[in-house]
Structures are given as structure tokens and as C-alpha cells.
Amino acid sequence: MTSSYLILATLAMAGVTFITRALPALIPRKLLDTPWLHRLNESLPLSVMVLLILTSLSYKDVLASTGLNSAELHLLLAQIGALISVLLVYHLSRQLLISMIVGIAALNALLWLFNGTLG
């Protein structure tokens, strides 16, 4: 990679970031107050979180192997448990940061529990 490529890529990323930040100020207020946009704004954080978590699950390794590796199975079960706890906490509190913290804590606690009792 040349330095001109890196400079051009950095400027392109800065431009895209600026456009996405400035776009709400440039769109007319009447268009921003549509009901479908409000519904999208309410459901988008949970949807993004679910997609991020589902794509990070390690089910491919468990399904691809002929014999179930207990470490991979424990990881998958811990991830599913953490996902359920994140969804439950977000549904009850509607706080994204708290849900993320609970999910990380639940994943670590379940992994510790599986390694301590089953390993």
C-alpha cells in the first residue's frame, strides 16, 4: 500500500462519516417526522445487537465437526445464554449499554461455570 492510497482511503472514510453525520441536518424536518422512521428508530438498536450477536456465534465449528468437541459446545451454550440474557435485560430496561455489560458478564460467567464444573 502506498501512502497516497492510505491518504485517499482516510479522506474517503472521513467524507462518508461526515455525510452520515450531516444528512439528518440536511433532510427536511417534515420527512424526519414520518411514523415509519420513528418505528425504525425504536427497533433498530435491538435489531443491530441481535445481528451482531448471531453472526458471532460459533455454531459453524460445532456443526462442521463430526464429533462434538466439548469446548466448542460449551462456548456455543455460553453464547446462547449470554444472548438470552442480553435480550431479556434490553426488553426490560431498554438500556443498550446495560444490556451489553450484562451480556459480557453473562458470557464470562457461563464460560467460567462450564470450565469449572464440566471441564
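The following exchange covers the fold, one helix pair and a few residues of a predicted model.

Student: What should be known about the numbering and the criteria of this model?
Tutor: Residues are numbered from 1 along each chain as its sequence is written. In this predicted model local features need pLDDT of at least 70, side-chain atom pairs count only at pLDDT 80 or more, and totals for chains, interfaces and linings use all residues, while side-chain values use heavy atoms, with hydrogens and water left out.

Student: How many helices and strands does the protein chain have, and in what order do the elements run?
Tutor: Helices (H or I, at least four residues) and strands (E, at least two) are DSSP runs, numbered from the N terminus. The protein chain has six helices and zero strands. From the N terminus the order is α-α-α-α-α-α.

Student: What percentage of the residues of the protein chain count as buried?
Tutor: Buried means under 20% relative accessible area, taken with a 1.4 Å probe and protein chains only. The protein chain has 119 residues, and the buried portion is 17%.

Student: At what angle do the axes of helix 3 and helix 5 cross, and how are the two helices oriented?
Tutor: Axes are lines fitted to C-alpha atoms, for helices over the stretch in contact, and angles run from 0 to 180 degrees between N-to-C directions. The axes of helix 3 and helix 5 (residues 70-93) come within 10 Å and cross at roughly 175°. Angles over 145 degrees count as roughly antiparallel, so helix 3 and helix 5 are roughly antiparallel.

Student: Which residues of helix 5 meet helix 3?
Tutor: Contact means heavy atoms within 4.5 Å. From helix 3 the participants include Leu 46, Met 49, Val 50 and Ile 53. The residues of this contact divide into 10 nonpolar, two polar and one charged. On the helix 5 side they are Gln 79, Leu 83, Val 86, Leu 87 and Tyr 90.

Student: Is Val 86 buried or exposed, and which residues does Val 86 touch?
Tutor: Val 86 is found in helix 5 and has a relative accessible area of 5%, so Val 86 is buried. Its C-alpha is 6.7 Å from that of Met 100, 14 residues apart in sequence. Not counting residues up to four places away in sequence, Val 86 touches Met 49, Ile 53, Ser 99 and Gly 103.

Student: Which backbone oxygen lies 3.3 Å from a polar side-chain atom of Thr 34?
Tutor: Thr 34 is found in the loop between helix 2 (29-32) and helix 3 (35-56). Thr 34 is buried, with a relative accessible area of 16%. The backbone oxygen 3.3 Å from a polar atom of the Thr 34 side chain is that of Leu 31.

Student: What is the phi of Arg 94?
Tutor: Arg 94 is found in the loop between helix 5 and helix 6 (96-118). Most residues other than glycine have a negative phi. In Arg 94 phi is positive, near 60°.

Methods. Buried means under 20% relative accessible area, exposed over 50%, partly exposed in between (1.4 Å probe, protein chains only). A polar contact is a pair of N or O atoms within 3.5 Å; within protein, one must be able to donate a hydrogen and the other to accept it, and residues adjacent in sequence count only if both atoms are side-chain atoms. Angles under 35 degrees count as roughly parallel, over 145 as roughly antiparallel, 65 to 115 as roughly perpendicular and the rest as oblique. Ala, Val, Leu, Ile, Met, Phe, Trp, Tyr, Cys and Pro count as nonpolar, Asp, Glu, Lys and Arg as charged, and the others, Gly among them, as polar.
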